[in-house]
Amino acid sequence: MTGQTVPVIIDCDTGVDDALALLFAVRHPGLDLRAVTCVAGNTDVDGVVRNTLIVLEQAGAPDIPVARGAGRPLVEVPRSARHVHGEDGMGDLGLPAPARTPVELDAVALLRREILASPRPVTLIPTAPLTNIALLLRTHPEVTRNIERIVFMGGAVACGNATPVAEFNVWHDPEAAAMLLTADVPITMYGLDVFQRVLVPGPDVRRLRASTEPGARLAGDLLAHRPATPDEDGDDPAGGIGDAGAVCAVADPEGLTTRLLPVEVSLAPGPTRGQTLVDRRPRPGEAEIHGGGREQALVDVALDVDVDRYVRLYLDTVEGPVG
Ligand code: BDR
Ligand code: CA
């Protein structure tokens, strides 16, 4: 990373792991979090706004503008993930209502304003269904001139979670994801293949939970809500950083192994809907040879992650100085 900070905007559906991503972004000295926009996903959009404001407040973040965005996907009906993220969408931790309020602008307007106003091109980090981003790209295509790249959490090369083949963020709004992939900017796909691997060991989670600093303590409580495999002694589960990994990938791109590959979202009704079809073939197949090929977006797809490096980065940042 150069001496200059990277201007970033997070579009999220906070969400336990979106909260982990926000906690990291506001504390990483190399990132300049310029705005946060909210979209329906893990919970309804008003819940997402509330959760986002709570996290920024608990983290002691500066006055970062937060805007409410789309309340439902472009075509699909909203389908929340409260069974994973709790009734309030953020782990039911009983945190106090926020004193902060969202800005008057809607998410698309705030995204446009902050992207065009940034002195250096912005890196967009969507960690949610891509509805806001699709609406932005269709409403204000001129923003791409000041977008450095988009690093989104979504999709999967190998295996889905919402369905056997589709990842939640893409499955929730497949049309929006398809629009994102054809945006005329470099795109990195931080998919489930790497997302599920970055786990904070149980003893570290326990230490965070015991912290007297509210942001670090919140990170511990959120990680404890995301137990992965039990630790060796069986009573100290590791916690996945989830969406925060996409922000780590911006702060420390060297920790991620990517390959530029053609990617397409399945929009067909039925069992493949929302699947990200990643073409890893070494040469064209019969479909292309016989003229059936389609033009597909080239996306930098995350294929491997240095787990220890991102765990260390996450802990050093979240336990580091505030501001
Ligand atoms: C994604 O879906 C949500 O539940 C998480 O916040 C993450 O963005 C994983 O599929
Ligand atoms: Ca999310």
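Good morning. I begin with two helices: H4 passes H5 in a right-handed crossing. This comes from a predicted model, and I ask you to keep that in mind throughout. Two packed helices are described by the angle between their axes and the distance between the axes. For H4 and H5, the angle is about 65 degrees and the axes lie 9 Å apart. Which residues meet at this crossing? From H4 they are Ala-107, Val-108, Leu-111, Arg-112 and Ile-115. From H5 they are Asn-132, Ile-133, Leu-135, Leu-136 and Thr-139.

Let me turn to the sheet. In this model, 9 strands form an open sheet with mixed pairing. The order of the strands is E3-E2-E1-E4-E5-E6-E11-E9-E10. At the edges are strand E3, residues 66-68, and strand E10, residues 276-278, each of which pairs on one side only. From one strand to the next, the twist averages 30 degrees. Helix H4, which spans residues 107-117, packs on this sheet. The strands that H4 touches are E1, E2, E3, E4 and E5, and the direction of H4 makes about 160 degrees with that of E2.

I shall now go through some of the strands, starting with E1. Is E1 enclosed or open to the outside? Of its 7 residues, 6 are buried, so E1 is largely enclosed by the rest of the structure. E1 runs parallel to E2, and 7 bridges join the two. Within that pairing, Cys-12 has Cys-38 of E2 as its bridge partner. E1 also pairs with E4, again in the parallel sense, over 4 bridges. There, Asp-11 stands opposite Pro-126 in E4. Together with helix H1, the strands E1 and E2 make a right-handed β-α-β unit.

One residue of E2 deserves a closer look, namely Leu-33. Its relative accessibility is 8%, and because buried means under 20%, Leu-33 counts as buried. Setting aside residues up to four places away in sequence, Leu-33 touches Val-8, Ile-9, Ile-10, Ala-25, Val-26 and Ile-64. Leu-33 and Thr-123 are 90 residues apart in sequence, yet their C-alpha atoms are 9.8 Å apart in space.

Further along the sheet we come to E6. E5 and E6 pair in the parallel sense over 4 bridges, and Ile-150 stands opposite Ile-187 in E6. E6 also runs parallel to E11, to which 2 bridges join it. Met-189 has Val-301 of E11 as its bridge partner. How do the side chains of E6 point? Ile-187 and Met-189 point one way, Thr-188 and Tyr-190 point the other way, and all are buried.

E6 is also among the elements packed by the buried residues of H7. Helix H7, residues 174-181, is mostly covered, with 7 of its 8 residues buried. Those residues are Pro-174, Glu-175, Ala-176, Ala-177, Ala-178, Leu-180 and Leu-181. Besides strand E6, they pack against helices H5 and H6 and strands E5, E9 and E11.

Next, a residue in helix H2, which covers residues 45-58: Asn-51. Is Asn-51 buried or exposed? Its relative accessible area is 1%, and because the limit for buried is under 20%, Asn-51 is buried. Apart from its neighbours within four places in sequence, Asn-51 is in contact with Thr-14, Gly-15, Thr-43, Asp-88, Gly-89 and Met-90.

Finally, I come to the calcium ion, ligand 2. Which residues coordinate this ion? Asp-13, Asp-18 and Asp-243 do so through OD atoms, with Asp-18 listed twice, and Thr-127 does so through O. The distances are 2.3 to 2.6 Å. Along the chain, the donors follow the spacing D-x4-D-x108-T-x115-D. Asp-13 and Asp-243 link distant parts of the chain, being 230 residues apart. Asp-13 lies in the loop between strand E1 and helix H1, and Asp-243 lies in the loop between strand E8 and helix H11. Both Asp-13 and Asp-243 are buried.

To close, I return to strand E1. E1 pairs with E2 and with E4, and the loop between E1 and H1 holds Asp-13, one of the residues that coordinate the calcium ion. Thank you.

How values were computed:
Residues numbered from 1 in each chain as written. Chains lettered and ligands numbered in written order. Predicted model: local features only at pLDDT ≥ 70, side-chain atom pairs only at ≥ 80, totals over all residues. Heavy atoms only, no water. Donors = N, O, S within 2.8 Å, 3.2 Å for Na, K, Ca; no water. Buried < 20%, exposed > 50% of the residue type's maximum accessible area, 1.4 Å probe, protein only. Contact = heavy atoms within 4.5 Å. Pairing = 2+ DSSP bridges. Axes fitted to C-alpha atoms, helices over the stretch in contact; angles between N-to-C directions. Right-handed = clockwise from strand over helix to strand, strands pointing away. Left-handed = near helix turned anticlockwise from the far one by under 90°.
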